[in-house]
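I am opening a notebook on a structure that is new to me. My plan is to look things up one at a time and to write down only what I find.

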Amino acid sequence: MKDRIRGVNLSGWFIPEPWVTPSLFEATGASNDAELQVALGATAYNERFREHLENFITEDDFRRIAAIGFNAVRLPVPWYAFGAQGENQVYISVVDYIDRAFEWGEKYQLGVLLDLATVPGGQGDSNAGAASSSIAANWHSSTTGRHVALSVLERLATRYGTHDNLIGIELLDSPIMARRTGLFQMSEGIPSHYLRNFYRDAYELVRMRLSDDKMVVFSASGDPRAWKRFMSGDKYVNVCMDVHLYHYRDEGAVDITSPRGLSSAIARNRRLIGEARACGFPVIVGEWSGAAVLSNASVTPEGRTAYERVFVSNQLASFAEARGWFFQTWKTEKRIPAWDARVALGSLERAMIE
């Protein structure tokens, strides 16, 4: 993709998430996709999920995404994208809907970044950090997890690699990487050598099926500096690092209701993008939002909206050194102001997005 990427995530479409589509989870007690299937049973789950696939994202969404001024979508897909059947769970294929995404993207001139967002055993969520994430990161301990992840990436690259509007493939979404916390202590997460070896093998598989103008993307896992001298050989072409920039729950979160807090958050964006580029990679901001800490008790709902709008516009300016960005996410059932692009970015002048 020659133009700078200005995109949105289509979160919650192929991987149900309660904050995106709470109606899917009502009266089930489930908090994620796997628990939802257990709660409903395979048959009822698949019936409900098929209805969701048909109705949550439609061609009209792609039309509206393009009309606002976006030129790309990031498509999180599960490891069972082609369907899977185990002892206790049955997952239907979503490839027909991925096909639709490419067809609609081509019609409305939207690029598509495919993102492998789940793996067997779980990759965690480095957006929150290992200490606070409630999502397991046991993928490296799974006997078949690595094989399954490589297999689905290969199949995705084979099926979609020749599409003109494919931007590229992201090899994992936001895995928690184990880090040294002391002389003999490591934090929980996926060992760095395991991730590095997986990324190298995955690159070889997908690059054989992608032309050099398609990106192969890997996650910074919350620490861009950890990837110096990684994939630095000439055989690695068009490799891009994905940095997720959130400001609402991690150790770097600050109150943006003060000028100092706002400038600190924006400086953090620029620093992390700079650290990634210093490792020799072009950078995309695969996820970001308008959510931030607003601890001032006197802030009214209208004031919150105003602060978040200023925060969003300042963040857009801070992405200048990145190849592009994807807002998190296009739509939520409750139209959550800081997370739903239709609300958070819909009122911005088109020139600010472009």
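Is Cys240 buried or exposed? I looked this up first, keeping in mind that the model is predicted, and Cys240 counts as buried, at 0% relative accessibility.

**Entry on the cysteines.** I then searched the whole structure for disulfides and found zero. A disulfide is a covalent bond between the sulfur atoms of two cysteines, so I wanted to know why Cys240 has no such partner. The closest cysteine sulfur to that of Cys240 belongs to Cys279 and is 12 Å away, which is too far for a bond, since the cut-off for a disulfide is 2.5 Å. Cys279, for its part, is in no disulfide either, the nearest cysteine sulfur being that of Cys240. I also noted that Cys279 counts as buried, with a relative accessibility of 11%.

**Entry on the cores.** Next I looked up the largest nonpolar core, which holds 91 residues, and saw that Trp13, Leu75, Ile98, Leu114, Phe198 and Tyr199 touch the most other members. Helix H6, residues 192-207, gives this core its largest share, eight residues. I followed Trp13 further and, leaving aside its neighbours within four places in sequence, found it in contact with residues including Phe49, Leu75, Tyr97, Ala101 and Trp104. Cys240 came up again here, because a second, separate core of nine residues includes it together with Ile5, Ala72 and Met215.

**Entry on helix H4.** Two of those contacts of Trp13, Tyr97 and Ala101, are listed among the buried residues of H4, so I turned to this helix, which runs over residues 95-107. Helix H4 has 13 residues and reaches 18 Å from its first C-alpha to its last, close to the 18 Å expected at 1.5 Å a residue. Its buried residues also include Ile98, Asp99, Phe102 and Trp104, and what covers the buried residues of H4 includes helix H2 (42-55), helix H3 (59-68), strand E2 (72-77) and helix H5 (145-160).

**Entry on positive phi angles.** Just after H4, I came to Gln109, which has a positive phi of about 60 degrees although it is not a glycine. Gln109 lies in the loop between H4 and E5 and counts as exposed, at 69% relative accessibility. I noted a positive phi in Arg229 as well, near 65 degrees; Arg229 is placed in the loop between strand E7 (215-219) and strand E8 (239-247) and counts as exposed, at 70% relative accessibility.

**Entry on Gln328.** Which loop holds Gln328? I found it between strand E10 (324-327) and helix H9 (341-344), and Gln328 is buried, with a relative accessible area of 6%. Its side chain is joined to that of Ser11 by a polar contact of 2.6 Å. Leaving aside neighbours within four places in sequence, the contacts of Gln328 include Asn9, Trp19, Tyr246, Glu287 and Trp339. The peptide bond from Gln328 to Thr329 is cis, with omega near 5 degrees, and Thr329 lies in the loop between E10 and H9.

**Entry on Asn269.** Last, I looked up Asn269, which is found in helix H7, residues 259-278, and is buried, with a relative accessible area of 0%. A polar contact of 2.7 Å joins its side chain to that of His247, and, apart from neighbours within four places in sequence, Asn269 is also in contact with Leu245, Gln315, Ser318 and Phe319.

Terms used: Residues numbered from 1 in each chain as written. Predicted model: local features only at pLDDT ≥ 70, side-chain atom pairs only at ≥ 80, totals over all residues. Heavy atoms only, no water. Buried < 20%, exposed > 50% of the residue type's maximum accessible area, 1.4 Å probe, protein only. Helix = DSSP H or I, 4+ residues; strand = E, 2+ residues; numbered from the N terminus. Polar contact = N/O pair within 3.5 Å; in protein donor to acceptor, adjacent residues only side chain to side chain. Contact = heavy atoms within 4.5 Å. Expected span 1.5 Å × (residues − 1). Core = buried A, V, L, I, M, F, W, Y, C linked by side-chain atoms within 4.5 Å.
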